[in-house]
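Let's explore this molecule together, one question at a time. Have a look at the picture first, and then we can reason through it.

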Amino acid sequence: MYQWTKSYLHNRKARVLVDGHCGRKVLLRQGVPQGGVLSPTLFILFINDLVPELPKGVQAALYADDLVLWCSEEYATTATYRMQLALEKVAAWAEDWCVTINREKTTATLFTLSAKATPGKLTLGDTPLKFEDQQTYLGVTYDKRMTWKQHIMNAEGKARRKLNIMRKLAGSHWGANEKILKSVYQGTVRPHLEYGSSSWATAAKTHQQALDKVQNQALRIITGAMKSTPIQKMEQVTGIPPLSKRRDCKTMVQATKYQCTHDHPMSDRLKKMSSGRLKRSSFALEARALQKKHQTEMPELVEPPSFSLDAPPWEDRQGNLDIQTSVPYLTTKDEQSNVTSSSPSSWRSQRLHNQSSTGDKCCCFLQLLSTAV
């Protein structure tokens, strides 16, 4: 396995082709082949030992090459001290394994409800990190007071720009029908309104209503209704439920996933009662309130999926398999007929002859071969 992996990665070269002229070959000394099936697995094996080296109290999340570190403490100075130790570990790991960190994209944010707390100084190597009021990770924007206002504003702006597509389709000379407009809304507009909704479930109702207004405009475009038409009637006609119900459903589904994953940190948090020290809601409070509200409609017990290894191996169930070790009607080169050994274009031109002489099954096989060639 080691030799095979080494042969897969070692001595890879690449060159650029422009207008039929090739550049010189460049030896690729690092990285994995882009688009390779094994590339994600090999990269995970390479970077996965970074997280265990982090100091106590600092948590991390890795998605491909995107790394986020956070530390939750009572005092900002304590959190800053722990984060600085983590950054030193990351810099040492990157130097040992010849990895270059983009210091311009590496920023920090102090999440706090206190107006008096000030961020300390963090450095990555010799470069001081910039502090920003918000961070975007995997498409979700986190502001320093966790109001989710900026994320919802961005989502609203993206969705409203996609509404122009629906207006063009509805107002064109041929006019798109309700089915097409509904598909466009569900496929291009609504995903922006719902992305990461289980994360920002604690956002203020006024912020969430801004997204509901976008769906209301889409419903009027789909149905062609006037502004005085009740929203509930348009939802019934189109079969599109309110965004609030879909957000509640996604929150309960996410909470159930946490409860089924016993080693997840959120699993214990959902079981424990919140202290209520802060006058702010949380995902655990929102999820418990929804579960209590829909208690009669939910199953009594939800268990994680179990996998059994007692099933018989695949080799014991081959009674219905017919394994062919040779290609039908193909023999050695000297024994092949003119029809069989002809070019792919000849195979297509003599399709009717193949059907009459060798049967439909052989004709389909030759047609697949001609496509592959």
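Q: Which residue just after helix 6 takes a positive phi?

A: Some groundwork first: this is a predicted model, in which local features need pLDDT of at least 70 and side-chain atom pairs count only at pLDDT 80 or more, while totals for chains, interfaces and linings use all residues. Residues are numbered from 1 along each chain as its sequence is written, and side-chain values use heavy atoms, with hydrogens and water left out. Helices are DSSP runs of H or I with at least four residues, numbered from the N terminus. Just past the end of helix 6, a phi of about 70° is taken by Gly224.

Q: How far apart are the end C-alpha atoms of helix 6?

A: The expected span of a helix is 1.5 Å times one less than its number of residues. Helix 6 has 19 residues, so it should span 27 Å. The model agrees with this, as the end C-alpha atoms are apart by 26 Å.

Q: Is Asn216 buried or exposed?

A: Asn216 lies in helix 6. Buried means under 20% relative accessible area, exposed means over 50%, and partly exposed is in between (1.4 Å probe, protein chains only). Asn216 has a relative accessible area of 17%, so it is buried.

Q: Which residues is Asn216 in contact with, leaving aside its neighbours within four places in sequence?

A: Contact means heavy atoms within 4.5 Å. The buried residues of helix 6 pack against helix 4, helix 5, helix 7 and helix 8. For Asn216, the contacts are Ile231 and Met234.

Q: Which helix gives the most to the largest nonpolar core?

A: A nonpolar core is a set of buried Ala, Val, Leu, Ile, Met, Phe, Trp, Tyr and Cys residues joined through side-chain atoms within 4.5 Å. The largest one here has 24 residues, and Met166 is among those with the most contacts inside it. Helix 4, helix 5 and helix 6 each give two or more residues to this core. With six residues, the one that gives the most is helix 6.

Q: How far apart in space are Phe46 and Trp97, C-alpha to C-alpha?

A: Phe46 is found in helix 2, and its relative accessible area of 31% makes it partly exposed. Leaving aside neighbours within four places in sequence, Phe46 is in contact with Trp93, Trp97 and Val99. Phe46 and Trp97 are 51 residues apart in sequence, yet their C-alpha atoms are apart in space by 9.2 Å.
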